[in-house]
Amino acid sequence: MSALTLPPICKKLAPIMAAHKTPVYLVGGAVRDAVLGTPVADLDFGTAEDAIKLAFQVGDSLHMPTYVLDRERDIARVVMEEDGMVLDFAGFRGDGTLESDLKARDFTMNALAVPAHDLTQTAIIDPSSGMADLASKIVRQTSTSALTDDPVRALRMVRMAVKFGFEIEPKTVASAKTAGEMLNQTSIERVRDELTKMLGFETGADALAKLESVGLLPVVLPELAEEALV
């Protein structure tokens, strides 16, 4: 078994996770980054029941503040004040199972999970073939409605492609163009945050080029798109 390279806090919390009433999984970007060997910034944990209760148990054990983010959706956050790391805990989306939660995510490379008590690559749960897409360096939507369900994901698609130097699968590009037409119906703040993140890369110019290549530049930065046509 090959252990995933994750922050030491994961091992420290393993006994608490193992004692929870339903299995707890590390999910999403942290698993992706551990597979790629890139630094893991924050940790997301999912479980079927009592995610908020689990978050407070973790916060108490670490003597760190815990906040309820969404009581109805069973989401809470522990803030590691010393290093700024955030630990998020959430109940599964969809029908309340791990598989439905993962398949409701944006891209296959983010639809990964691993048991919180067995943080090894061989234990990774991968219902959307995200590991294969990571190996092939491809950004691929988890479903045909993944981007239109949340149009801001179209911008996240570009950010992920630029950040990791991946190519975007053609059907995902087509979905992004449709989602782009819906961006004016979403939060301006969320659009701004995605743009800020991608333009903050050292390769910010590549982000602009990628936005243009997938047809999103005229939607989010029309002034730049007009200049490019001059």
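A pocket is an open set of grid points with protein on both sides within 12 Å along at least five of seven lines, and its lining residues have an atom within 4 Å of a point. The views below come from a predicted model.

**View 1. The second largest pocket holds about 160 Å³ of space.** Its lining includes Ala 3, Leu 4, Leu 6, Pro 7, Pro 8, Cys 10, Lys 11 and Ala 14. Ala 116, His 117, Asp 118 and Leu 119 line the second largest pocket as well. By class, nine of the lining residues are nonpolar, one is polar and two are charged.

**View 2. The largest pocket encloses about 1400 Å³.** Its lining counts 38 residues. Nearest the centre lie Asp 44, Arg 77, Asp 88, Arg 105 and Arg 156. The lining divides into 19 charged, 14 nonpolar and five polar residues.

**View 3. Helices and strands both contribute to the wall of the largest pocket.** Helices H2 (29-36), H7 (152-164) and H9 (188-199) each supply at least two lining residues. Strands S2 (43-47), S4 (75-80) and S5 (85-91) each do so too. Which element gives the most to this lining? H7 does, with six residues.

**View 4. Six strands form an open sheet with mixed pairing.** The strand order is S3-S4-S5-S2-S1-S6. Strand S3 (66-70) and strand S6 (113-115) are the edge strands, and each pairs on one side only. From one strand to the next, the twist averages 30 degrees.

**View 5. Strands S3 and S4 pair in the antiparallel sense.** Four bridges link S3 and S4. Val 68 stands opposite Ala 76 of S4. The two strands belong to a hairpin with four residues between them. In this hairpin, Asp 74 takes a positive phi near 60 degrees.

**View 6. Strands S4 and S5 form a hairpin.** S4 and S5 run antiparallel and are joined by six bridges. Among the partners, Val 78 is matched with Leu 87 in S5. Four residues lie between S4 and S5. Gly 84, in the turn, has a positive phi of about 80 degrees.

**View 7. Helix H3 lies across five strands of the model: S1, S2, S3, S4 and S5.** H3 covers residues 51-62, and S1 covers 24-27. Relative to S5, the helix runs at about 150 degrees.

**View 8. Tyr 25 and Phe 92 form an aromatic pair.** A search of the whole structure finds three aromatic pairs. In the pair of Tyr 25 and Phe 92, the rings sit 6.2 Å apart, centre to centre. Their planes meet at 40 degrees, and the pair is tilted. Why does this pair tie together parts that are 67 residues apart in sequence? Tyr 25 lies in strand S1, whereas Phe 92 lies in the loop between S5 and helix H4 (98-103), so the pair ties those parts together.

**View 9. Ile 138 is found in strand S7.** The strand covers residues 138-139. Which residues touch Ile 138, leaving aside its neighbours within four places in sequence? Ile 138 is in contact with Asp 133, Phe 166, Glu 167 and Glu 169. Thr 66 lies 72 residues from Ile 138 along the chain, and the C-alpha atoms of these two residues are separated by 36 Å.

Terms used:
Residues numbered from 1 in each chain as written. Predicted model: local features only at pLDDT ≥ 70, side-chain atom pairs only at ≥ 80, totals over all residues. Heavy atoms only, no water. 1 Å grid on protein atoms, 1.4 Å probe; cavity = no way out; pocket = protein on both sides within 12 Å on 5 of 7 lines; lining within 4 Å. Points joined across faces, edges and corners; volume = space filled by probe spheres on them. Nonpolar A, V, L, I, M, F, W, Y, C, P; charged D, E, K, R; others polar. Pairing = 2+ DSSP bridges. Axes fitted to C-alpha atoms, helices over the stretch in contact; angles between N-to-C directions. Contact = heavy atoms within 4.5 Å. Phe/Tyr/Trp six-rings, centres within 6.5 Å; stacked < 30°, edge-to-face > 60°.
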